[in-house]
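Welcome! Below is a short guided tour for anyone meeting this protein for the first time. Keep the picture in view as you read.

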Amino acid sequence: MAASLGLRLRAATSTLRSGAAATLLPRTWSCRGLCSEAENDVPTSGIGRPLAKILKELNKKVPDSAIKTRVEDGFSMKYIPWHTVNRIMNLHAPEWSGEVRSVTYSPDGNTVTVAYRVTLYGTDAEIYRESTGTTSVNDKGYGDPVQKAEAMAFRRACARLGLGLHLYHEDAL
């Protein structure tokens with residue numbers, strides 16, 4: 001199966017060395033053409049697990065050290081950077097894939113909205129969630145508007161799978 005953002009690779013076994021002993025472990029990973037060779041050698045906790053166990057890991061509270069804060073329109077908001085979300089997904093759900101479903105500009109051309117889908121693959125099932133991100137095309141911050149909207153949509157789709165969802169409910173707790 002090919003993911004829209006790259007190639008899904010499979011390896012039958014991987015060798016871990018612990019002192020003089022070597023152990024063969026079953027291994028599967030989704031590199032999608034973005035991993036270095038060193039990253040391909042790192043086993044992850046999500047390989048070969050049922051979907052319920054993957055979702056349980058994703059629903060755990062994200063450490064405070066991974067959370068950033070930004071101020072927009074005078075309001076402070078906490079968020080997890082997209083690259084941190086990506087690493088967490090690779091760790092706990094290495095068989096995930098993501099794709100941009102659409103990029104839509106508003107009729108007046110002032111905003112852009114990106115729809116993004118994240119799919120998790122467990123040993124027993126697969127599940128996907130979609131979300132959108134919208135940003136102003138006149139935003140002067142770092143990155144282009146489509147890039148920002150995509151990162152927002154990606155984080156929100158992952159939140160629909162439970163990753164960082166606690167950030168949306170902190171005030172209510």
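## A starting point among the strands

Let us begin with one pair of residues: Ser97 has Thr119 of β6 standing opposite. A little further along, Gly98 finds its bridge partner in Val118, also in β6. These residues belong to a larger pairing, in which strand β5 (residues 97-105) and β6 run antiparallel and are joined by eight bridges.

The two strands form a hairpin, with five residues between them. Look in that turn for Gly109, which has a positive phi of about 75°.

## How far to trust the picture

Please bear in mind that this is a predicted model. The protein has a mean pLDDT of 77, and 71% of its residues reach 70 or more. Residues 1-41 are a stretch to read with care, with pLDDT below 50. Beyond near neighbours in sequence, this stretch still has 68 contacts in the model.

## The overall plan

What does the secondary structure of the protein come to? There are four helices and seven strands. Starting at the N terminus, the order of the elements is β-β-α-α-β-β-α-β-β-β-α.

Of the 173 residues in the protein, 36% are buried. The accessible surface comes to about 10700 Å², and carbon and sulfur atoms hold 54% of that surface. Contacts reach along the chain, too: among those with a separation of 6 or more, 51% are between residues 24 or more positions apart.

## The covered strand β6

Now back to β6, which spans residues 111-121. This strand is mostly covered, with nine of its 11 residues buried. We have already met its pairing with β5, and β6 has another antiparallel partner in strand β7 (residues 126-136), to which 11 bridges join it.

Four residues make the hairpin connection from β6 to β7. Within this pairing, Leu120 stands opposite Ile127 in β7. As a general point, side chains in a regular strand alternate between the two faces of the sheet.

## Rings and charges

How many aromatic pairs does a search of the whole structure find? It finds two. One of the ring pairs is formed by Tyr116 and Phe154, which meet edge-to-face, with 5.5 Å from centre to centre and 70° between the planes. This pair links distant parts of the chain, since Tyr116 is in strand β6 while Phe154 is in helix α4 (residues 145-160), 38 residues apart.

Are Tyr116 and Phe154 buried or exposed? Both are buried. Trp96 comes into the picture as well, with ring pairs linking Trp96, Tyr116 and Phe154 into a cluster.

Two arginines also lie over rings. Arg117 is placed over the face of Tyr128, 3.8 Å from the ring centre. The charged end of Arg70 sits over the ring of Tyr79, at 4.4 Å from its centre.

## The hairpin of β3 and β4

That last residue pair leads us to another hairpin. Strand β3 (residues 68-72) pairs with strand β4 (residues 75-79) in the antiparallel sense, over five bridges. Inside this pairing, Val71 and Ser76 of β4 stand opposite each other. Two residues lie between the strands, and in the turn Asp73 has a positive phi of about 50°.

Two residues help to show how this hairpin is arranged. Thr69 has its place in strand β3. Leaving aside neighbours within four places in sequence, Thr69 is in contact with Ser76, Met77, Lys78 and Tyr79. Between the C-alpha atoms of Thr69 and Pro81 there are 9.8 Å, with the two residues 12 apart along the chain.

Lys78, in turn, lies in strand β4. Its C-alpha atom is separated by 5.6 Å from that of Lys68, although the two residues are 10 apart along the chain. Why does Lys78 count as partly exposed? Its relative accessibility is 47%, and the partly exposed class covers what falls between buried, under 20%, and exposed, over 50%.

Methods. Residues numbered from 1 in each chain as written. Predicted model: local features only at pLDDT ≥ 70, side-chain atom pairs only at ≥ 80, totals over all residues. Heavy atoms only, no water. pLDDT = per-residue confidence, 0-100. Contact = heavy atoms within 4.5 Å. Pairing = 2+ DSSP bridges. Buried < 20%, exposed > 50% of the residue type's maximum accessible area, 1.4 Å probe, protein only. Areas by Shrake-Rupley, 256 points an atom, 1.4 Å probe, with all protein chains shown as cover. Phe/Tyr/Trp six-rings, centres within 6.5 Å; stacked < 30°, edge-to-face > 60°. Lys NZ or Arg CZ within 6 Å of the ring centre and 35° of its normal.
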